[in-house]
Amino acid sequence: MSGEGLFDLWKGFSVSCAPNAFLHNESVAVFACNVCGKKNSWSGEPFEREKAGCMHCGSTLRTRALLGALSMELFGTRLALPDFPRVKSLRGIGTSDSNQYAPRLAEVFDYRNTFYDREPRFDLERPLEEGAAYDFVLSSDVFEHVSPPFGRAFRNVFNLLKPNGVLVFTVPYDVEESTEHFPDLHEYGLLEVGGRTVLVNRTRAGAIQTAENLTFHMDGAGQALEMRVFSEQMLRDGLAAAGFSSVKIYGENYRPFGIVPAEMWSLPIAARKGPFAWSVDAMRDVMEEWRALRAAKKEMERLSHATWSRIGRKLRLL
């Protein structure tokens, strides 16, 4: 069976029997969060990128859109995270991924989450010893914080991926304008001066530079310094220079999962090292999962029929 046929098969089966499946109705202001799988009432208006939209898990548009892109890149269809099939032959690595989704990814894939400041450590600016070992790398709003040149981080990720691997990530970006805040950054530190944080840098030529009015973003461990504001073209050029063969920006709305952005920038991006392809092992894993789910569905139908038959006999309806 081809990969495309397998995806169609999985899509049809997941919609028909998965407990978290959600059939879209344009007239109903409801979405099913693709992070936790639970339904939410909704005004129908677009979502702000960082505002919690799910009343159950608190997922933001950014998180839902990121996982939506990951599902499309790995399975060729839109699945909620609770419905991801168990495919342990797919190997992935996360960069400070949220606890909203990292544990589930570890359940279904050969996946590990990493951190910049604690174990297990992974610094995007320094390559891991293992090369070309991963089917996917997942990153949410990290690349704006790596030191210049940012292309080094893209190249390190490229080298981590298998020939058909994919980088799925988000990063704040502007449609046209870009800014590299500290282009000469070399040896630097942050100091508190007069109640304000100041960056002090020694360039490669030995000159001393200072910068004020710094921008910080909150991450899981505290504050992270913004090094740049990307533009869409800056990202495309940087990924192409790193060797990625294709870049897709996920700008499509998907109302059933509450993926309706208020702005058409800072959207999820998928950068592929090579054309989409699944290994025989991955296809085998999905088929085994599909068979198990089909068997479970048949058993549920048998038990349900037996229960209603007993009730019917007791009521003398049968």
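**Exercise 1. The hairpin of E9 and E10**

Determine how many bridges join strand E9 to strand E10, and in which sense the two strands run.

*Solution.* Step 1: strand E9 covers residues 187-193 and strand E10 covers residues 196-202; 7 bridges join them, and the strands run antiparallel. These assignments, like those that follow, refer to a predicted model.
Step 2: for an individual pair, take Glu192, whose bridge partner in E10 is Thr197.
Step 3: the turn of this hairpin has 2 residues between the strands, and Gly194 adopts a positive phi near 60 degrees there.

**Exercise 2. The open sheet**

State the order of the strands in the open sheet and the kind of pairing. Then identify the edge strands.

*Solution.* Step 1: the sheet consists of 6 strands in the order E4-E3-E5-E6-E16-E15, with mixed pairing.
Step 2: strand E4 (110-114) and strand E15 (246-249) each pair on one side only, and they are the edge strands.
Step 3: from one strand to the next, the twist averages 15 degrees.
Step 4: within the sheet, strand E3 (residues 91-95) pairs with E5 in the parallel sense over 4 bridges. One residue of this pairing is Gly94, whose bridge partner in E5 is Leu138.

**Exercise 3. Helices on the sheet**

Find which strands H2 lies across and which strands H4 touches.

*Solution.* Step 1: H2 lies across E5, strand E6 (161-170), E15 and strand E16 (269-272), and it runs at about 160 degrees to E6.
Step 2: H4 packs on the sheet and touches E5 and E6; the direction of H4 makes about 135 degrees with that of E6.
Step 3: the buried residues of H4 are Ala153, Phe154, Asn156, Val157, Phe158 and Leu160. Their cover includes E5, E6 and helix H5 (232-242).

**Exercise 4. Ser147 and Gln209**

Classify Ser147 as buried or exposed, and list what Gln209 touches beyond four places in sequence.

*Solution.* Step 1: Ser147 belongs to the loop between strand E5 (134-140) and helix H4 (151-160).
Step 2: the relative accessibility of Ser147 is 10%; buried means under 20%, so Ser147 counts as buried.
Step 3: apart from neighbours within four places in sequence, Ser147 is in contact with Glu125, Arg152, Leu185, Tyr188, Met227 and Arg228.
Step 4: Gln209 sits in strand E11 (residues 208-211). With a relative accessible area of 31%, Gln209 lies between the limits of 20% and 50% and is therefore partly exposed.
Step 5: not counting residues up to four places away in sequence, Gln209 touches Asp184, Leu199, Val200, Asn201 and Thr203.
Step 6: Leu185, a contact of Ser147, can also be related to Gln209: the two C-alpha atoms are separated by 8.9 Å, while the residues are 24 apart along the chain.

**Exercise 5. The cavity**

Establish how many cavities of 30 Å³ or more the structure holds, and describe the lining of the largest cavity.

*Solution.* Step 1: rolling a probe the size of a water molecule over the atoms reveals where empty space is left.
Step 2: the structure holds 1 cavity of 30 Å³ or more, and the volume of the largest cavity is about 170 Å³.
Step 3: 19 residues line the largest cavity, and Ala65, Tyr250, Pro261, Leu267 and Pro268 lie nearest its centre.
Step 4: helix H2 (residues 61-75) contributes the largest share of this lining, 5 residues.
Step 5: by residue class, the lining divides into 10 nonpolar, 4 polar and 5 charged residues.

Notes
Residues numbered from 1 in each chain as written. Predicted model: local features only at pLDDT ≥ 70, side-chain atom pairs only at ≥ 80, totals over all residues. Heavy atoms only, no water. 1 Å grid on protein atoms, 1.4 Å probe; cavity = no way out; pocket = protein on both sides within 12 Å on 5 of 7 lines; lining within 4 Å. Points joined across faces, edges and corners; volume = space filled by probe spheres on them. Nonpolar A, V, L, I, M, F, W, Y, C, P; charged D, E, K, R; others polar. Buried < 20%, exposed > 50% of the residue type's maximum accessible area, 1.4 Å probe, protein only. Contact = heavy atoms within 4.5 Å. Pairing = 2+ DSSP bridges. Axes fitted to C-alpha atoms, helices over the stretch in contact; angles between N-to-C directions.
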